[in-house]
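Dear colleague,

I am handing over the structure below, together with some notes on what was found in it. Please read the notes with the coordinates open beside them.

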Amino acid sequence: MTAREKVFSGIKSALAPLPEREARPAVPHGVADPQWLAGEADNVALFKKRAKVAGTLCFDTPGGCLSWLYEQQAKTVYLPEALASLDAKFAEFVQLTHDYTRGRVDEIDAALTLAHGAIAETGTIILTDESTPDRLAALAPWTHIAVVRKDTIHRSVADALAAMPDDPNIIWVTGPSKTADVEGILIQGVHGPGVQGCLLV
Amino acid sequence: MINLATRPTSKRVQLMATCLCDAFYDDVAKATVEVLEHAGCEVVFPENQTCCGQPAFNCGQWPAARTVMRHTAQVFAGDEPIIVPSGSCAAMMFHGATLEFEGEKDRAAIEQVGGRTWELGDFLVNGLGIKEWPGEFHARIAFHRACHTRGTASGPAVMQLLESIKGLRVLPFGEAEQCCGFGGTFSVSFPNVSTAMGELKLEHVEAVDPDYLVSGDMSCLMHLSGLAEREHRPIKTLHFAQILRDALHHRHGQATH
Amino acid sequence: MPCTTAMAKQLIDTYVAELPPTVQKAVHQSTATTTEKRYQLLGDDFTDSDALRKLAGSIRQHTLEHLDTYLAQAEESLTARGAKVHYAVTADDACRAVTEILLSAGITKVVKSKSMVTEEIHLNDYLANHGIESVESDLGEYIVQIDGDHPSHIVRPIIHKTRGDIARSFEREGLGDYNDDPETITRRARKFMRGKYLEAGAGITGANFVTADTGRLVLVTNEGNSRFCLAPAKVHIALVGIEKVVPSDADLAVLLNLLGRSATGQQLTVYTEFINGPRRHDRPSGPEQMHVVFVDNRRTEVLASDCKEILRCIRCGACLNVCPVYRQASGHAYRSVYPGPVGAVLSPLLAGDKFKELADLPKASSLCGACNEVCPVDIPIPDLLLRLRRRAHEEHVPSPGTPPMAGFALLGSHPLIWRSAMTFGAAKDYLPLDKMPVPYLGSWLKTRTLPKWRGGKFRTWMKSRHGRNGGNGK
Ligand code: SF4
């Protein structure tokens with residue numbers, strides 16, 4: 001018997017004596033929505049509110065985002081091809097790079113990437129390999145700012161799950177990387193970004 | 001699984017006094033009778049009752065536990081509600097017993113008895129529909145919700161009654177959801193854990209300085225008051241039935257504890 | 001004061017007496033805070049969180065009772081998307097499968113993201129014995145690893161360590177001079193780990209869930225380490241317990257909403273990752289190979305037992321946090337990978353023929369039911385503990401401090417003897433109880449007094465009222 005056969009025959013003989021089996025429960029769409037969600041009219045406003053709770057900075061304009069980066073003294077900023085429209089604006093103030101290579105992981109202060117979408121309920125940013133091809137770029141720099149198109153914001157976790165794209169790697173980002181491993185004290189920026197931002201366009 | 005929603009609610013009731021009241025806390029059993037009578041019940045006390053068998057059940061000695069439960073089921077034959085002034089013993093009757101009799105031929109007979117069993121507070125509020133309790137009782141109390149009433153209607157029911165009594169204030173205290181550490185034979189086989197849990201409970205209760213520590217289970221109170229007394233910081237305890245009874249007489253709780 | 005009665009001891013109880021108060025305090029504070037956050041968030045967000053827990057429980061139970069179907073479906077979905085699926089019957093099989101994948105790809109360095117099943121099968125030791133360096137990337141797990149220690153909590157592995165302990169370990173490992181500032185500790189780990197991520201040939205992860213219909217492995221972390229394990233590496237190996245399957249993405253809406261809130265009091269964990277295949281060929285980063293090893297390691301035995309509900313567990317740790325015994329004992333007292341209430345059920349079951357060695361764990365509970373009350377998948381943990389106690393009794397496992405119940409059964413089923421015992425029990429008030437050679441009594445009296453005996457008094461009172469109202473039934 002192969003390992004697979006052994007496992008499946010183990011499962012089958014474990015289940016065989018059951019007089020009846022638990023039926024599949026109905027999981028109505030939105031059954032696990034928080035009760036306050038219904039009272040929120042505007043997806044964008046809700047996203048901003050919840051992003052703040054999660055610790056994600058929100059920028060309404062590229063200019064706002066840029067001046068913040070400038071204040072933070074970000075020198076080298078990564079912009080992917082997909083965001084080439086921002087090039088001219090940014091190149092004036094920071095040094096731009098379009099190419100994210102392993103060897104230079106620590107040279108880049110901030111990365112802007114294009115998000116696939118977002119979730120208003122939780123203030124979550126959705127990245128995929130399709131929208132954000134370079135996984136490292138969205139992860140390694142201290143500051144990561146995802147560009148989110150307002151019309152791609154899902155209302156709830158349930159909505160986002162109902163519209164999952166066909167992509168081998170989807171990641172939901174709800175705030176900056178953090179840990180409370182050392183005596184329960186919250187520290188941001190463990191492996192991923194210490195600053196997580198979002199530019200709404 | 002016993003459906004608790006279909007338990008009988010008639011006013012002729014059988015009283016299961018519990019072994020602890022039989023041995024130590026007669027006044028709690030008396031108070032239970034008087035409270036039920038005040039609520040218009042006719043209380044029958046089946047003389048041959050002993051115990052729900054929980055000690056053996058909790059030790060994994062199920063054949064011994066079943067012997068006791070079979071006896072109990074016989075003693076409480078009939079179709080009246082069975083009222084217990086203990087959340088723990090009540091849960092043994094309507095939950096533990098189903099587990100204990102899994103695969104046994106007489107499970108249905110046992111479940112018939114469990115399916116008539118009510119914890120006292122639950123019965124008063126949800127069985128008889130009493131929403132407020134008359135009388136007065138001037139005191140500040142801490143109410144310890146006994147663990148075996150988790151997931152049942154007993155906790156909120158007792159709180160509702162207590163809070164309706166004139167002069168009575170129920171004080172919130174820290175980590176109220178935590179167990180007192182009694183746990184039956186657990187209290188003797190894990191003495192260090194049990195004692196530490198009890199001390200923590202006492203600390204939280206003492207921090208709000210109540211006149212009485214109140215519960216619906218004498219087992220928790222026996223452990224906690226025994227612990228407090230051994231440490232020379234005695235604490236006055238009452239079963240809520242004693243408060244309900246004393247409120248009727250405008251007494252201030254000169255009950256035995 | 002620790003109990004020193006002449007009675008044989010329960011291991012966990014002894015452990016509690018010996019646990020340094022600082023550790024006990026740290027564990028209590030952390031678990032109590034998380035419990036409080038959880039209550040608050042669930043209460044604020046849901047009108048009936050109990051109904052949601054029951055629904056989640058039913059989703060998981062349904063999946064378990066149709067596991068053959070869903071597991072096969074998950075395999076099919078993954079294979080169709082280019083992942084390779086393996087099965088491992090034993091812990092050893094699983095370790096061997098991982099080693100073979102690594103060696104055939106010429107990989108000798110791997111990074112790991114936190115996974116309970118890899119703890120369970122002792123993967124790191126196995127890899128080390130085969131010349132493969134495996135580095136834990138979760139901060140807590142990394143510290144456990146360099147200390148040669150064991151996690152003491154399934155979500156917070158170093159709940160038992162102070163910042164000073166950690167600073168000393170870092171100093172010893174050459175990660176800088178002694179510095180116990182948590183921020184500095186974290187930054188040093190960040191810097192060190194980057195090198196490891198970039199040089200690793202493979203990233204090893206577990207999975208919190210696997211959806212059958214789309215083959216998505218769901219991974220949740222707060223640190224972002226799983227993402228980092230899967231960005232530069234060429235190979236992704238996921239070790240997944242066979243019970244982790246759920247039918248579909250829609251079910252995740254319920255489970256994810258409960259998981260974050262139950263585990264850490266967060267709406268969602270920071271990073272929630274869904275992976276169902278290797279990277280597509282035109283992408284710049286991400287593993288080229290994805291392997292999923294479905295691990296049995298006695299799960300099918302658990303499924304066949306009367307404790308199968310424990311396989312619903314989504315490893316949130318809420319039952320540990322709320323458990324008064326865990327709070328006193330911390331995790332190592334449970335002498336196994338899974339501590340606390342979930343461990344007290346799961347560990348003896350996964351121990352196979354070593355059941356007896358862990359048969360004391362189910363006894364270490366006052367059966368208070370707090371674990372069941374907080375469990376996001378509504379596992380009736382106290383019922384399962386009771387069934388395991390029965391099994392231990394049936395298998396004649398000695399149980400220190402547990403009185404034999406034959407005498408009790410006799411008393412409890414013979415009302416005449418019972419009634420006379422009630423009357424004669426009064427003798428207890430005149431005996432020097434603390435001098436009596438009854439160990440159970442001694443254990444009680446060591447820290448508590450007993451109330452005055454009033455056996456039979458209620459019965460007399462009740463009789464005296466006979467005829468007044470109702471009277472005595474027969
Ligand atoms: S048993 Fe329930 S509460 Fe405990 S870790 Fe598992 S899912 Fe969480």
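Chain C has an average pLDDT of 92, with 95% of its residues scoring at least 70. Two stretches of chain C call for caution: over residues 1-6 the pLDDT is below 50, and this stretch has twelve contacts in the model beyond near neighbours in sequence, while residues 469-474 also have a pLDDT below 50, with 21 contacts counted in that way. This is a predicted model, and its scores are ipTM 0.95 and pTM 0.94.

Turning to the strands, eight of them form an open sheet with mixed pairing, in the order β8(A)-β5(A)-β6(A)-β9(A)-β9(C)-β6(C)-β5(C)-β8(C). Its edges are β8 of chain A (153-154) and β8 of chain C (245-246), each of which pairs on one side only. Helix α12 of chain C (residues 249-264) packs on this sheet, where it touches β9 (169-173) of chain A as well as β5 (209-211), β6 (217-221), β8 and β9 (271-275) of chain C, and its direction makes about 165 degrees with that of β5(C). In chain A, strand β5 (residues 117-119) runs parallel to β8(A) and is joined to it by two bridges; A118(A) has I153(A) in β8(A) as its bridge partner.

As for the interior, the largest nonpolar core comprises 250 residues, and those with the most contacts inside it are W172(A), L124(B), L162(B), I12(C), F170(C) and F294(C). Apart from that core lies another, of 22 residues, including A91(C), A94(C), A202(C) and V293(C). Leaving aside neighbours within four places in sequence, F170(C) is in contact with L139(C), Y142(C), I143(C), I146(C), L175(C), G176(C), I185(C), R188(C) and A189(C).

With best regards

Terms used:
Residues are numbered from 1 along each chain as its sequence is written. Chains are lettered from A and ligands numbered from 1 in the order in which they are written. This is a predicted model: local features need pLDDT of at least 70, side-chain atom pairs count only at pLDDT 80 or more; totals for chains, interfaces and linings use all residues. Side-chain values use heavy atoms; hydrogens and water are left out. A nonpolar core is a set of buried Ala, Val, Leu, Ile, Met, Phe, Trp, Tyr and Cys residues joined through side-chain atoms within 4.5 Å. Buried means under 20% relative accessible area, exposed over 50%, partly exposed in between (1.4 Å probe, protein chains only). Contact means heavy atoms within 4.5 Å. Two strands pair if DSSP finds at least two bridges between them. Helices (H or I, at least four residues) and strands (E, at least two) are DSSP runs, numbered from the N terminus. Axes are lines fitted to C-alpha atoms, for helices over the stretch in contact, and angles run from 0 to 180 degrees between N-to-C directions. pLDDT is the predictor's confidence in each residue, from 0 to 100.
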